[in-house]
Amino acid sequence: MPRFFVDSIAPEADIAVLTGEQAAHAKVLRLKPGEAAVLCDAQGTDYQAEVTDLDAGSVTLRILSRGPSESEP
């Protein structure tokens, strides 16, 4: 499952948007709506997410769940 690193995501957020390098990486991986991904923030939280939309410069994901990161920092 692809992992993307983000600075932060608001605790109440239902969606996240990848832009710039992260969005370009998602497109290279040929992610499509409905596919799963993990978002990792700098505070040690992992977000299970699902791609909902891809545009020219952004990828929108719906956050399904969140929890402490189980991998090394």
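These are my notebook entries on a predicted model of a single chain.

**Entry 1: the overall layout**

I started with the secondary structure, and I found one helix and five strands in the chain. Reading from the N terminus, I get the order β-β-α-β-β-β. I then looked at how the chain packs: its radius of gyration is 11 Å, close to the 11 Å that the globule rule gives for 73 residues, so the chain is as compact as a globular protein of that length. For a feel of the dimensions, I noted that the C-alpha trace spans about 30 × 25 × 20 Å along its principal axes.

**Entry 2: surface, burial and charge**

How much of the chain counts as buried? I read off 32% of the 73 residues. The accessible surface comes to about 4700 Å², and carbon and sulfur atoms account for 53% of that. On the charge side, I have 6 positive and 12 negative side chains, with the centres of the two sets 8 Å apart. I also looked up the contacts between residues at least 6 apart in sequence: 51% of them join residues at least 24 apart.

**Entry 3: the nonpolar core**

Next I went inside. The largest nonpolar core holds 17 residues. Those with the most contacts inside this core are Phe4, Ile9, Leu18, Leu39, Val59, Leu61 and Ile63. Which elements give two or more residues to this core? My list reads strand 2 (15–19), helix 1, strand 3 (36–40), strand 4 (45–54) and strand 5 (58–68).

I picked Leu18 from that set for a closer look. Leaving out residues up to four places away in sequence, Leu18 touches Phe4, Val6, Ala23, Leu39, Gly57, Ser58, Val59 and Leu61. Several of these names come back in the next entry.

**Entry 4: Ala23 and Ser58**

I followed Ala23 from the Leu18 list, and I found it in helix 1, residues 20–28. Is Ala23 buried or exposed? Its relative accessible area is 2%, and the cut-off for buried is under 20%, so Ala23 is buried. Beyond residues up to four places away in sequence, Ala23 touches Leu18, Gly57, Ser58 and Val59. I also checked Ala23 against Glu12: the two are 11 residues apart in sequence, and their C-alpha atoms are 22 Å apart in space.

Ser58 was my next stop, and its place is in strand 5. At 15% relative accessibility, Ser58 counts as buried. Setting aside neighbours within four places in sequence, I find Ser58 in contact with Val17, Leu18, Thr19, Ala23, Lys27 and Asp53. Ala23 and Leu18 are thus both partners of Ser58, and Ala23 and Leu18 also touch each other.

**Entry 5: Ala56, in the loop**

I then moved to Ala56, which sits in the loop between strand 4 and strand 5. Ala56 counts as exposed, at 83% relative accessibility. What separates Ala56 from Thr19? I noted 37 residues in sequence and 9.6 Å in space, C-alpha to C-alpha.

**Entry 6: Tyr47 in strand 4**

Tyr47 lies in strand 4. With a relative accessible area of 4%, Tyr47 is buried. What does Tyr47 touch, not counting residues up to four places away in sequence? I wrote down Ile9, Ala37, Val38, Leu39, Asp41, Ile63, Ser65 and Arg66. Ile9, Leu39 and Ile63 were already in my notes, among the residues with the most contacts inside the core. I also looked up Tyr47 and Ala16: they are 31 residues apart along the chain, and their C-alpha atoms are separated by 9.7 Å.

**Entry 7: the loop between helix 1 and strand 3**

My last stop was a pair of residues in one loop. Leu29 lies between helix 1 and strand 3, and Arg30 is found in the loop between these elements too.

Leu29 counts as partly exposed, at 41% relative accessibility. Beyond residues up to four places away in sequence, Leu29 touches Pro2 and Phe4. The C-alpha atoms of Leu29 and Ala42 are separated by 23 Å, with their positions 13 residues apart along the chain.

Arg30 is exposed, with a relative accessible area of 64%. I flagged the backbone here: Arg30 has a positive phi of about 60 degrees, although it is not a glycine.

Key
Residues numbered from 1 in each chain as written. Predicted model: local features only at pLDDT ≥ 70, side-chain atom pairs only at ≥ 80, totals over all residues. Heavy atoms only, no water. Helix = DSSP H or I, 4+ residues; strand = E, 2+ residues; numbered from the N terminus. Rg over C-alpha atoms; globule rule 2.2 N^0.38 Å. Buried < 20%, exposed > 50% of the residue type's maximum accessible area, 1.4 Å probe, protein only. Contact = heavy atoms within 4.5 Å. Areas by Shrake-Rupley, 256 points an atom, 1.4 Å probe, with all protein chains shown as cover. Lys, Arg positive; Asp, Glu negative; His and termini not counted. Charge placed at Lys NZ, Arg CZ, Asp CG, Glu CD. Core = buried A, V, L, I, M, F, W, Y, C linked by side-chain atoms within 4.5 Å.
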